[in-house]
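Reader: I should like to learn how the features of a helical model are read. May we go through them one at a time?

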Amino acid sequence: MPEVDVNIGGRTFAVACQEGEEEFLLSAAAMLDTEASVLVDQMGRVPEARMLLMAGLMLADKTAGLEDRAKAAEAREAALLDEIARLQNAPAPEVPEPERIEVPVLPAGVADTMAELAARAEALAEEIEEKAGK
């Protein structure tokens with residue numbers, strides 16, 4: 001069983017752990033040291049037992065807050081998953097039948113023929129005006 005030296009609140013402790021858990025132990029000790037350092041900075045020299053107790057309580061408080069946030073997030077996730085399932089199982093919305101609009105289409109050449117007729121009509125109108133003006 002390996003033994004790891006950890007530094008918490010300026011004090012070194014030898015702690016035994018299972019094989020392969022050394023990194024986890026060092027990470028946990030670093031979190032405890034962060035809280036202990038806050039206590040030492042605020043209160044100065046604190047008895048070892050009191051420092052460890054207070055630092056542990058501070059970590060427990062943070063953990064409780066994170067657990068509350070995790071539960072709230074899980075509840076929100078469950079609500080969103082329920083909403084997704086409800087929407088996926090809902091019948092498709094009814095789409096109204098599209099309105100049919102008919103647009104007349106002129107056969108090819110009609111526009112050209114009408115333009116030619118209009119030009120002839122104008123030519124006749126000019127000819128009549130000339131004759132009427134004499």
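Author: Let us begin with a single helix; please note that the model is predicted. Helix α3 comprises residues 110-133, 24 residues in total, and its first and last C-alpha atoms lie 34 Å apart, close to the 34 Å expected at 1.5 Å a residue.

Reader: How many of the 24 residues of α3 are buried?

Author: The count is zero, and α3 is thus described as hardly covered.

Reader: How is the packing of two helices read, and what is the angle between α1 and α2?

Author: One considers the angle together with the distance between the axes. Helix α2 spans residues 48-89 and packs against α1 at about 120 degrees, the axes being 8 Å apart. Angles of 65 to 115 degrees count as roughly perpendicular and those over 145 as roughly antiparallel, and α1 and α2 are therefore oblique to each other. Their crossing is right-handed.

Reader: What kinds of residues form the contact of α1 with α2?

Author: The contact divides into 13 nonpolar residues, one polar and three charged. From α1, the participants include M31, L32, E35 and L39, while those from α2 include M51, A55, G56 and K62.

Reader: Is E35 buried or exposed?

Author: Buried means under 20% relative accessible area; E35 has 5% relative accessibility and therefore counts as buried. E35 is located in α1, which covers residues 22-43.

Reader: Which residues does E35 touch, beyond those up to four places away in sequence?

Author: They are A55, M58, L59 and K62, each of which also appears among the α2 residues that meet α1.

Methods. Residues numbered from 1 in each chain as written. Predicted model: local features only at pLDDT ≥ 70, side-chain atom pairs only at ≥ 80, totals over all residues. Heavy atoms only, no water. Helix = DSSP H or I, 4+ residues; strand = E, 2+ residues; numbered from the N terminus. Buried < 20%, exposed > 50% of the residue type's maximum accessible area, 1.4 Å probe, protein only. Contact = heavy atoms within 4.5 Å. Axes fitted to C-alpha atoms, helices over the stretch in contact; angles between N-to-C directions. Parallel < 35°, antiparallel > 145°, perpendicular 65-115°, else oblique. Left-handed = near helix turned anticlockwise from the far one by under 90°. Nonpolar A, V, L, I, M, F, W, Y, C, P; charged D, E, K, R; others polar. Expected span 1.5 Å × (residues − 1).
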